[in-house]
Amino acid sequence: MSQLSTYRTILSEELGTSETVYLTQTKRDRAVNQACRWIGNNYQVPELLLQQNVTFTTGLASIPSRYHKKGHIKAYDSSDTIFEFLTPNNFDTAGRGITIDYNITAAARRIHVVPTTTTTLTFRYYQKPLEMTASTDDSGLPTELDYGVCKYASYLMKQEKGEFNEAQVLLASAREEAKLWANTFADDAGEIYSTYEGYDYLQS
């Protein structure tokens, strides 16, 4: 796992500068966090896999802070009965299942479940990488992805500066780094696949 301080060092190498007048530390950190999200959106990272019990009250539960819908695998009860993840429209007529939708009373998005008598489900899902702010914060991604993350962050910053040709080279390099990691270190990491909506999510 890598800390923000490590990403900062590698990003300066990729950019060829450590100046923070135009390329401020805030911009650098934002680009790194965006790059980590890019990895999380496109690859199933084993280090981010989590199993967690979620408690429902009258059919509603708060969404775990790092829950990643795109990385949802399954939800099941104590009898190992599977609760399918449904779209809100299909959920309205379902006898059993879960969805994420806005709740007017809570004035926020919530996990909804039917039957509403359900009290606890075990969720297995891929978390979002941690949003890093302090130098010691850890994204949760493996160190083998450090250069892929920083090349993508460099791509974002070059885009912002209008250096589009250099940006495209960095984007291609970031994709290759991520693919190399997927082919070498991770099982079935080449794509985020949805078993409940019937199509592949973003691929690198």
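## Two small sheets

An open sheet of three strands is a good place to start: its order is β2-β5-β4, and the pairing is antiparallel. The strands at its edges are β2 (60-61) and β4 (97-103), each of which pairs on one side only. Please keep in mind while reading that this is a predicted model. Between β2 and strand β5 (residues 108-114), which run antiparallel, there are two bridges. One residue to look for here is L60, whose bridge partner in β5 is H112.

A second open sheet of three strands follows the order β1-β6-β3, again with antiparallel pairing. Here the edge strands are β1 (49-55) and β3 (72-76), and each pairs on one side only. From one strand to the next, the twist averages 20°. β1 and β6 run antiparallel and are joined by seven bridges. To find your way along this pair, look for T55, which stands opposite T120 in β6. As general background, strands of a sheet pair through backbone hydrogen bonds, either parallel or antiparallel.

## A closer look at H112

Is H112, a residue of strand β5, buried or exposed? H112 counts as buried because its relative accessibility is 14%, and the cut-off for buried is under 20%. A polar atom of the H112 side chain lies 3.2 Å from the backbone oxygen of D101.

What surrounds H112, leaving aside its neighbours within four places in sequence? The residues in contact with H112 are F56, G59, L60, F91, G97, I98, T99, D101, Y102 and N103. You have already met two of these: L60 as the bridge partner of H112, and D101 through its backbone oxygen.

## The nonpolar cores

Let us turn to the inside of the model. The largest nonpolar core has 31 residues, and the members that touch the most other members are Y7, V32, I39, L141 and V149. Which elements give two or more residues to this core? They are α1 (4-15), α2 (25-42), α4 (146-161) and α5 (164-185). With seven residues, α5 gives the most. Apart from this core lies another one, made of 14 residues, including F56, Y67, V113 and L121. In soluble globular proteins, nonpolar side chains tend to be buried together.

V32 shows how parts of the chain meet in the largest core. Setting aside neighbours within four places in sequence, V32 is in contact with L4, Y7, L11, M132, V149 and A153. Among these contacts, Y7 and V149 are also on the list of members that touch the most others.

## L141, a loop residue in the core

L141 is found in the loop between β6 (120-126) and α4. L141 counts as buried because its relative accessibility is 0%. Not counting residues up to four places away in sequence, L141 touches M1, S2, Y7, C36, I39, V45, L48, P129 and V149.

How far apart are the C-alpha atoms of L141 and L48? The separation is 7.2 Å, although the two residues are 93 residues apart along the chain.

## Charged pairs

A search of the whole structure finds seven salt bridges. One of the salt bridges is formed by D29 and R8, whose closest N and O atoms are 2.7 Å apart. D29 lies in helix α2 and R8 in helix α1, so this pair ties together parts that are 21 residues apart in sequence. D29 counts as buried at 10% relative accessibility, whereas R8 is partly exposed, with a relative accessible area of 24%.

Another salt bridge brings together the side chains of K151 and E14, at 3.3 Å from N to O. This pair links distant parts of the chain, with K151 in helix α4 and E14 in helix α1, 137 residues apart. K151 counts as buried, at 13% relative accessibility. The side chains of E163 and K161 also meet in a salt bridge, with 3.6 Å from N to O. E163 is partly exposed at 25% relative accessibility, and K161 is partly exposed with a relative accessible area of 38%. Both residues belong to a network of salt bridges that links K158, K161, E163 and E166. In general, side chains of opposite charge can pair when their charged atoms come close.

How values were computed: Residues are numbered from 1 along each chain as its sequence is written. This is a predicted model: local features need pLDDT of at least 70, side-chain atom pairs count only at pLDDT 80 or more; totals for chains, interfaces and linings use all residues. Side-chain values use heavy atoms; hydrogens and water are left out. A nonpolar core is a set of buried Ala, Val, Leu, Ile, Met, Phe, Trp, Tyr and Cys residues joined through side-chain atoms within 4.5 Å. Buried means under 20% relative accessible area, exposed over 50%, partly exposed in between (1.4 Å probe, protein chains only). Helices (H or I, at least four residues) and strands (E, at least two) are DSSP runs, numbered from the N terminus. Contact means heavy atoms within 4.5 Å. Two strands pair if DSSP finds at least two bridges between them. A polar contact is a pair of N or O atoms within 3.5 Å; within protein, one must be able to donate a hydrogen and the other to accept it, and residues adjacent in sequence count only if both atoms are side-chain atoms. Axes are lines fitted to C-alpha atoms, for helices over the stretch in contact, and angles run from 0 to 180 degrees between N-to-C directions. A salt bridge is a side-chain nitrogen of Lys or Arg within 4 Å of a carboxyl oxygen of Asp or Glu.
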